[in-house]
Amino acid sequence: MSMLAARAHADANRLVVEKIPVPEPGPDDVIVKVFSAGLAPGMMSLLAMGAFKHLPTTLGHEAAGTIAALGTQVTGITVGDRVRVHPNLNCRNCVYCRTDRDMMCAQQAMIGHAAFSSVPMPLYERYHNGGLAEYVRVPHWLIDPLPDNVSFDVGAKVHDLANAVRILKLSDLPLGATVIVTAATGTMGTATIKLAEHFGVGRLILVARSADRLDSVTRLSRGVDVDTVALEELPADWESNGGLTQRLRGLAPEGAHAVIDYIPTGPATGQTMTALATGGVIAHMGGNTTPIPVPPLGLMVNCWRFIGTRACTRNDALDVLKLLETGVLDAEELITQRFALVDTGTAVQQMQQRDHPMWMTVVNP
């Protein structure tokens, strides 16, 4: 029996949708029939970097669907159950895994995505194929029940929402906090805006390239005051003269309590950091390689904290599922584009070009 899957091959710079065998479950595995899989634009950059250790492979670290088959040792799960797949592989036994820091595990990797650890990774070797396919095989412990009131599309994007939960938790915000969110019109930015009210945020300052796109995301921030800063409207030399810091300080003269930073490159990370209030925190998940022009003395005098985090924990995902199940959080409006599996290449190309807003994009096999 065969299925369609979006595959990456060695020395290739694009995905190929091709037929491969439907996976068979091992004793501890489940097979999920995929109804929705999330797309992440950064996966093609990671592919070019050589971060995918096993090629060819099926991409896609976000998936939701129904249980199609069970391994002989699997209990507590039934064929036909609605589920989402938690993509983070880890050992489940180390000090990080036992203390709600499982994204720090040496075995941490994501199915259908990259791996960076230098140690042998037997779990990733076995489960590197992801969810951009009609079926995906995963270990049974990565399965979370999907509430009946949550669509498969939203279920596939729980991981992104959970990443936003993690970064908001780490920011340790006071009630009514003023928070700067960078790359605010992207997937993680919009997830953070949507969740801000649930963390007691009083004011958001949203930073992104385009004024038009910023206008479109402000409606997501119910119950929170919003200001916006469009980089395209700053002086042409803002990158070299601190123009972004000046604009942010004009909006919040006493500084922001936190910066939630998803900027992948350039000086905006450093310039938002210097717009923090005394004792403020910048939480970064953008993978920016640009050095920050803040000496240790600046951190000491201002009592600033810089926190990096690369993923959510399982508990963060369970928190999101509870918010969705109880109706406290409605994330359906975040899904802006849907593509068929055969059109995955087109979807990736559109996400890379960013010619129009794409908050959360899913593929429906």
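In this predicted model, residue E18 is placed in strand β2. The side chain environment of E18 is intermediate, for the residue is partly exposed, with a relative accessible area of 22%, a value that lies outside the buried class because that class is limited to under 20%. Leaving aside neighbours within four places in sequence, E18 is in contact with M3, L4, A5, R7 and H9. One of these, R7, is 11 residues away along the chain from E18, and the two C-alpha atoms are separated by 7.1 Å. With another, H9, there is a polar contact that joins side chain to side chain, at 2.9 Å.

The strand that holds E18 belongs to an open sheet of 3 strands, whose order is β2-β1-β4 and whose pairing is antiparallel. Because β2 and β4 (57–58) stand at the edges, each with a single partner strand, one side of each is left without a neighbour in the sheet. Strands β1 and β2 run antiparallel and are joined by 6 bridges; among the residues involved, S2 has P21 in β2 as its bridge partner. In general, strands of a sheet pair through backbone hydrogen bonds, in either a parallel or an antiparallel manner.

Strands β1 and β2 also appear in the surroundings of helix α12. The helix spans residues 344–353, and its buried residues are T344, A347, V348 and M351. Seen down the axis of α12, these buried residues fall within an arc of 95°, so they line one face of the helix. The elements that cover them include β1 (2–8), β2 (16–21), α1 (43–49), β17 (335–340) and β18 (360–364). After α12 comes R354, which has a positive phi, near 55°.

Among the covering elements is β18, and this strand is the place of T361. The residue is buried, with a relative accessible area of 0%. Apart from neighbours within four places in sequence, T361 is in contact with A37, G38, L39, K157, Q337, F339 and M351, and M351 is itself one of the buried residues of α12.

The two strand residues described above are set side by side here.

| Residue | Strand | Relative accessible area |
|---|---|---|
| E18 | β2 | 22%, partly exposed |
| T361 | β18 | 0%, buried |

Taken together, the residues and elements above are linked through α12, since the cover of its buried residues includes both β2 and β18, the strands in which E18 and T361 are placed.

Technical notes. Residues are numbered from 1 along each chain as its sequence is written. This is a predicted model: local features need pLDDT of at least 70, side-chain atom pairs count only at pLDDT 80 or more; totals for chains, interfaces and linings use all residues. Side-chain values use heavy atoms; hydrogens and water are left out. Buried means under 20% relative accessible area, exposed over 50%, partly exposed in between (1.4 Å probe, protein chains only). Helices (H or I, at least four residues) and strands (E, at least two) are DSSP runs, numbered from the N terminus. The arc is that of the directions from the helix axis to the C-beta atoms. Contact means heavy atoms within 4.5 Å. A polar contact is a pair of N or O atoms within 3.5 Å; within protein, one must be able to donate a hydrogen and the other to accept it, and residues adjacent in sequence count only if both atoms are side-chain atoms. Two strands pair if DSSP finds at least two bridges between them.
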